[in-house]
Amino acid sequence: MIKIWGRNTSVNVQKVMWAVGELDLAHERIDVGGSFGKNNEPAYLAMNPNGLVPTLQDDGFVLWESNSIVRYLAAKHSSWMDWQLTVAGPALTPVFWGLVRTPPEKRDHAAIESGKIKTIAAMKVLDAQLAATAFIAGDALSMGDIPVALMAYRFRRLVPERPQLDHLERWFTTIEQRPAFKQHVLAIPFV
Ligand SMILES: N[C@@H](CCC(=O)N[C@@H](CS)C(=O)NCC(=O)O)C(=O)O
């Protein structure tokens, strides 16, 4: 679990706590600084030589400077965007190209089937994540949902023989209702 050192009245601590809240991260905040003191004691200075708050501890990793901490948290928890690029996208691409962009007589059925198997495996990983969180990175929609939801959209259209994935379906139902998704994705022909 991450630890945030710093009194909650500090605007710089508030940046970090807001980010932690938006990402819905398990955390502990420890009062330091202001009337709580301790920020100029050797133990704290060993983590943060400036003697200022906030300081973040994440599994042995220590970081100070509030904006650096916000960037770190955002980057760490946006890893699902890269999962779309490296796992879900490459699995689904042969299925999409094969079934949507290639005439039936020219289709590579082995590549399509292999892509379907890999995409189902990826969507099971996504389903397991969505068993733990309402959206991909927590209780609220984040930028991480966008690339991943597009994969789920195409998967649901192209792989009707998919297994039942209840958490993915529950999440996707909320995605489908979003006006921007309706306008910029659902309303566009699937070609
Ligand atoms: N650039 C630093 C500034 C940190 C800073 O100035 N923190 C103030 C509180 S806003 C502080 O530690 N003051 C001493 C104290 O609270 O005792 C950051 O963004 O983290």
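**Entry 1: what α1 packs against**

I began with the buried residues of helix α1 and looked up what they touch: they pack against strands β1 (2–5) and β2 (27–30) and against helix α3 (66–76). I note here that the model I am reading is predicted. The buried residues of α1 are Val 13, Val 16, Met 17, Ala 19, Val 20 and Leu 23. I then asked how wide an arc they cover around the axis. The arc is only 155 degrees, which puts these residues on the same side of α1. This fits a rule I keep in mind: an α-helix has 3.6 residues a turn, so residues three or four places apart point the same way. On the face turned away from the buried side of α1 I found the exposed residues Val 11 and Trp 18.

I also checked the length of α1, which runs over residues 11–23. Its 13 residues should span 18 Å at 1.5 Å a residue, and the end C-alpha atoms are 18 Å apart, which agrees. At the N-terminal end, Ser 10 acts as a cap, with a side-chain oxygen 3.1 Å from the backbone nitrogen of Asn 12. Just after the helix, Asp 24 has a positive phi of about 60 degrees.

**Entry 2: around the ligand**

Next I listed what surrounds the ligand, and among the residues there are Arg 7, Ser 10, Asn 12, Asn 39, Val 53, Pro 54 and Glu 65. Ser 10, the residue that caps α1, is therefore a name I meet twice, since Ser 10 is also one of the residues around the ligand. Which oxygen contacts does the ligand make with Arg 7, Asn 39 and Val 53? A polar side-chain atom of Arg 7 lies 2.7 Å from an oxygen atom of the ligand, and a polar side-chain atom of Asn 39 lies 3.3 Å from one. With Val 53 the contact comes from the backbone, where a polar atom is 2.7 Å from a ligand oxygen.

**Entry 3: backbone angles to look at again**

I wrote down a general point before going on: most residues other than glycine have a negative phi, and most peptide bonds are trans. The peptide bond from Val 53 to Pro 54 is cis, with omega near 10 degrees, and Pro 54 sits in the loop between α2 and β3. Lys 38, in the loop between β2 and α2, has a positive phi near 70 degrees, and with 48% relative accessibility Lys 38 counts as partly exposed. Glu 65, which I had already listed around the ligand, has a positive phi of about 80 degrees although it is not a glycine. Its place is in the loop between β4 (61–64) and α3.

**Entry 4: Asn 48**

Is Asn 48 buried or exposed? At 2% relative accessibility, Asn 48 counts as buried, and I found it in the loop between α2 (42–47) and β3 (55–58). Leaving aside neighbours within four places in sequence, Asn 48 is in contact with Pro 54, Thr 55 and Trp 64.

**Entry 5: salt bridges**

How many salt bridges does a search of the whole structure find? The search finds six, and I followed some of them by hand. Asp 31 and Arg 29 meet through their side chains at 2.6 Å, N to O; Asp 31 is partly exposed, with a relative accessible area of 26%, and Arg 29 is partly exposed at 26% as well.

Lys 76 and Asp 58 form another salt bridge, at 2.6 Å, N to O. Lys 76 lies in helix α3 and Asp 58 in strand β3, so this pair ties together parts that are 18 residues apart in sequence. Asp 58 is buried at 9% relative accessible area, whereas Lys 76 is partly exposed at 38%.

I then looked at Lys 116 and Glu 161, whose side chains meet at 2.8 Å, N to O. This pair links distant parts of the chain, 45 residues apart, with Lys 116 in helix α5 (residues 109–132) and Glu 161 in the loop between α6 (145–158) and α7 (166–176). Lys 116 is buried, with a relative accessible area of 10%, and Glu 161 is partly exposed, with 46%. Salt bridges that share partners join Glu 113, Lys 116 and Glu 161 into one network.

**Entry 6: helix α5**

Having met α5 through Lys 116, I looked up the helix itself. It has 24 residues and reaches 35 Å from its first C-alpha to its last, close to the 34 Å expected at 1.5 Å a residue. Its buried residues include Ile 112, Lys 116, Ile 120, Met 123, Leu 126 and Leu 130, and what covers the buried residues of α5 includes α4 (79–100), α6 and α7. At the start of α5, a side-chain oxygen of Asp 108 reaches to within 3.3 Å of the backbone nitrogen of Ala 110.

Note on methods: Residues are numbered from 1 along each chain as its sequence is written. Side-chain values use heavy atoms; hydrogens and water are left out. Helices (H or I, at least four residues) and strands (E, at least two) are DSSP runs, numbered from the N terminus. The expected span of a helix is 1.5 Å times one less than its number of residues. Buried means under 20% relative accessible area, exposed over 50%, partly exposed in between (1.4 Å probe, protein chains only). The arc is that of the directions from the helix axis to the C-beta atoms. Contact means heavy atoms within 4.5 Å. A polar contact is a pair of N or O atoms within 3.5 Å; within protein, one must be able to donate a hydrogen and the other to accept it, and residues adjacent in sequence count only if both atoms are side-chain atoms. A salt bridge is a side-chain nitrogen of Lys or Arg within 4 Å of a carboxyl oxygen of Asp or Glu. A residue is near a molecule or strand if one of its heavy atoms lies within 4 Å of it.
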